[in-house]
Amino acid sequence: MDDRQMQIGEVAERTGLSLRTIRHYEDAGLVIPSARSQGGFRLYTERDVARLMVIRRMKPLGFSLDQMRDLLSATDRLDGGDPLDPAEREVLLDRVRAFERAATEQVERLRVQLRRAEDFAATLRGRLPESAPPA
């Protein structure tokens, strides 16, 4: 993975997150800048950006900060270079599977809400004079 370092402004632009949100996730222990510049500026890598994107994708699905931390911890262990015994690996994979199931269920609930919202918007459009055929 690219080890180029970016300042927080570039990371914010790349992720679509505000500086404040990135700092909040840092304060919550979800992402830690890979380094600091000589001037004390936070420096991030592509791996940090990828981590922020996971967090960004979890947020609209209603996952809490603790749940985000739990998933990131599991994936960090799975992706880390340290060997895992088969039992520990399976426990970690079960945690990831549980998050996948929860995400899939929430996506389906959101699809239902979206369909209802689209039906409502269509109903309103149908009541507007400009949608009525000319007389």
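Helices are DSSP runs of at least four residues, numbered from the N terminus. In this predicted model, threonine 15 lies in helix H1, which spans residues 8-15. Threonine 15 counts as buried, because its relative accessibility is 0% and the cut-off for burial is under 20%. Its side chain reaches the backbone nitrogen of leucine 17 at 3.2 Å. Beyond its neighbours within four places in sequence, threonine 15 is in contact with Ile22, Val49, Leu52, Met53 and Arg56.

Glycine 16 follows in the loop between H1 and H2. Here the relative accessibility is 60%. Glycine 16 therefore counts as exposed, since the class begins over 50%. Glycine 16 and glutamine 67 are 51 residues apart in sequence. In space, their C-alpha atoms are 21 Å apart.

The largest nonpolar core has 23 residues. Those with the most contacts inside this core are Val11, Ile22, Tyr25, Leu30, Leu52, Ile55 and Phe63. Five helices each supply at least two core residues: H1 (8-15), H2 (19-27), H3, H4 and H5. H3 gives the most, with five residues. In soluble globular proteins, nonpolar side chains tend to be buried together. Two of the core residues named above, Ile22 and Leu52, are also contacts of threonine 15. Phenylalanine 63 touches Met58, Met68, Phe99, Ala102 and Ala103, with residues up to four places away in sequence not counted.

Serine 34 is found in the loop between H2 and strand S2, the latter formed by residues 35-36. Serine 34 is partly exposed, because its relative accessibility of 42% falls between the limits of 20% and 50%. The side chain of serine 34 makes two polar contacts listed here. One is with the side chain of threonine 45, at 3.5 Å. Another is with the side chain of aspartate 48, at 2.5 Å. With residues up to four places away in sequence set aside, serine 34 touches Leu43, Thr45 and Asp48. Aspartate 3 is 31 residues from serine 34 in sequence. The C-alpha atoms of this pair are 9.7 Å apart.

The largest pocket has a volume of about 240 Å³. Eleven residues line this pocket. The closest to its centre are Arg47, Arg51, Thr75, Asp76 and Asp79. Helix H3 (46-58) and helix H4 (65-79) are the elements that give two or more residues to the lining. By class, the lining has five nonpolar, one polar and five charged residues. H3 thus appears in two settings: as a contributor to the pocket lining and as the element that gives the most to the largest nonpolar core.

Glutamine 106 lies in helix H5, which covers residues 86-126. Its relative accessible area is 17%. Glutamine 106 is therefore buried, as the cut-off is under 20%. The side chain of glutamine 106 makes a polar contact with the side chain of arginine 109, at 2.8 Å. H5 is also among the helices that each supply at least two residues to the largest nonpolar core.

Methods
Residues are numbered from 1 along each chain as its sequence is written. This is a predicted model: local features need pLDDT of at least 70, side-chain atom pairs count only at pLDDT 80 or more; totals for chains, interfaces and linings use all residues. Side-chain values use heavy atoms; hydrogens and water are left out. On a 1 Å grid over the protein atoms alone, a cavity is a set of points where a 1.4 Å probe fits but cannot get out, and a pocket is an open set with protein on both sides within 12 Å along at least five of seven lines; lining residues have an atom within 4 Å of a point. Grid points are joined across faces, edges and corners, and a volume is the space filled by probe spheres set on the points. Ala, Val, Leu, Ile, Met, Phe, Trp, Tyr, Cys and Pro count as nonpolar, Asp, Glu, Lys and Arg as charged, and the others, Gly among them, as polar. Buried means under 20% relative accessible area, exposed over 50%, partly exposed in between (1.4 Å probe, protein chains only). A polar contact is a pair of N or O atoms within 3.5 Å; within protein, one must be able to donate a hydrogen and the other to accept it, and residues adjacent in sequence count only if both atoms are side-chain atoms. A nonpolar core is a set of buried Ala, Val, Leu, Ile, Met, Phe, Trp, Tyr and Cys residues joined through side-chain atoms within 4.5 Å. Contact means heavy atoms within 4.5 Å.
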